[in-house]
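User: I would like to learn how to read the main features of a fold from its model. Could you take me through one example, giving the general idea first and then the case at hand?

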Amino acid sequence: PMLSDWAQKLPRPCGVLALSDRTARMLVQSARAFGAEVPREFAVIGVGNDRMESILAGTSLSSFLLPSREIGRAAGNALAEMLEVVGASSGSSHWH
């Protein structure tokens, strides 16, 4: 209900980037329930490329995959570099 209430208050036309395909489906269903024309006046993009959510939404959801492994690898490398800098500046090469 909170998602639907929030969505109904958006000015139209509008577009929403949902955090997942499940949330995108729920938004599409809510928009239809309160009379918005999807996607002409209420466009939604999801994340995950989950075909089942498109089927459940009754329409083809626009969606994309995040490169999760690459994002995780980049975050890990950035953290390792930060720890090396902190370790070098403190004169310690080990964390306790």
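Analyst: Let us start with the strands, keeping in mind that this is a predicted model. In general, strands of a sheet pair through backbone hydrogen bonds, either parallel or antiparallel. Here strand β1 (residues 14-17) and strand β2 (residues 42-47) are paired in the parallel sense, with 4 bridges between them; within this pairing Cys-14 stands opposite Phe-42, and Leu-17 is opposite Ile-45. From β1 the chain passes through helix α2 (residues 21-33) before it reaches β2, and this β-α-β crossover is right-handed.

User: With which strand does β2 pair over 3 bridges, and in what sense?

Analyst: The partner is strand β3 (residues 62-64), and the sense of this pairing is parallel. Val-47 has Phe-64 in β3 as its bridge partner. The connection is again a β-α-β unit, made by β2, helix α3 (residues 51-57) and β3, and its hand is right.

User: How should I then describe the sheet, and which strands are its edges?

Analyst: A sheet is described by the order of its strands and the sense of their pairing. This one is an open sheet of 3 strands in the order β1-β2-β3, with parallel pairing; β1 and β3 are the edge strands, since each pairs on one side only. Direction ignored, neighbouring strands are turned against each other by 20 degrees on average. Helix α2 packs on the sheet and touches β1, β2 and β3, while its direction makes about 165 degrees with that of β2.

User: Which residues touch the most other members of the largest nonpolar core?

Analyst: As a general idea, in soluble globular proteins nonpolar side chains tend to be buried together. In this model the largest nonpolar core has 14 residues, of which Leu-27, Phe-34, Phe-42 and Val-44 touch the most other members. At least two residues of this core come from each of β1, α2 and β2, and α2 gives the most, with 4 residues. For Val-44, once neighbours within four places in sequence are left aside, the contacts are Val-16, Ala-18, Ala-24, Leu-27, Val-28 and Ser-62.

User: How many aromatic pairs are there, and why is the pair of Phe-34 and Phe-42 assigned its geometry?

Analyst: The reading rests on the distance between ring centres and the angle between ring planes, where an angle over 60 degrees counts as edge-to-face. The count comes to 1 aromatic pair. The ring centres of Phe-34 and Phe-42 are 6.0 Å apart and their planes stand at 80 degrees, so this pair is edge-to-face. Both Phe-34 and Phe-42 are buried.

User: Is Glu-41 buried or exposed, and where does this residue lie?

Analyst: Burial is read from relative accessible area, with under 20% counted as buried. Glu-41, which is placed in the loop between α2 and β2, has a relative accessibility of 18% and therefore counts as buried. Although Glu-41 and Pro-13 are 28 residues apart along the chain, their C-alpha atoms are separated by 4.2 Å. Not counting residues up to four places away in sequence, Glu-41 touches Arg-12, Pro-13, Cys-14, Gly-35 and Ala-36.

User: What is the case for Arg-12?

Analyst: Arg-12 lies in the loop between α1 (2-8) and β1, and with a relative accessible area of 35% this residue is partly exposed. Leaving aside neighbours within four places in sequence, its contacts are Phe-34, Gly-35, Ala-36 and Glu-41.

How values were computed
Residues are numbered from 1 along each chain as its sequence is written. This is a predicted model: local features need pLDDT of at least 70, side-chain atom pairs count only at pLDDT 80 or more; totals for chains, interfaces and linings use all residues. Side-chain values use heavy atoms; hydrogens and water are left out. Two strands pair if DSSP finds at least two bridges between them. A crossover is right-handed if, with the strands pointing away from the viewer, the path from the first strand over the helix to the second runs clockwise. Rings of Phe, Tyr and Trp (its six-membered ring) pair if their centres lie within 6.5 Å; planes under 30 degrees apart count as stacked, over 60 as edge-to-face and the rest as tilted. Buried means under 20% relative accessible area, exposed over 50%, partly exposed in between (1.4 Å probe, protein chains only). A nonpolar core is a set of buried Ala, Val, Leu, Ile, Met, Phe, Trp, Tyr and Cys residues joined through side-chain atoms within 4.5 Å. Contact means heavy atoms within 4.5 Å. Axes are lines fitted to C-alpha atoms, for helices over the stretch in contact, and angles run from 0 to 180 degrees between N-to-C directions.
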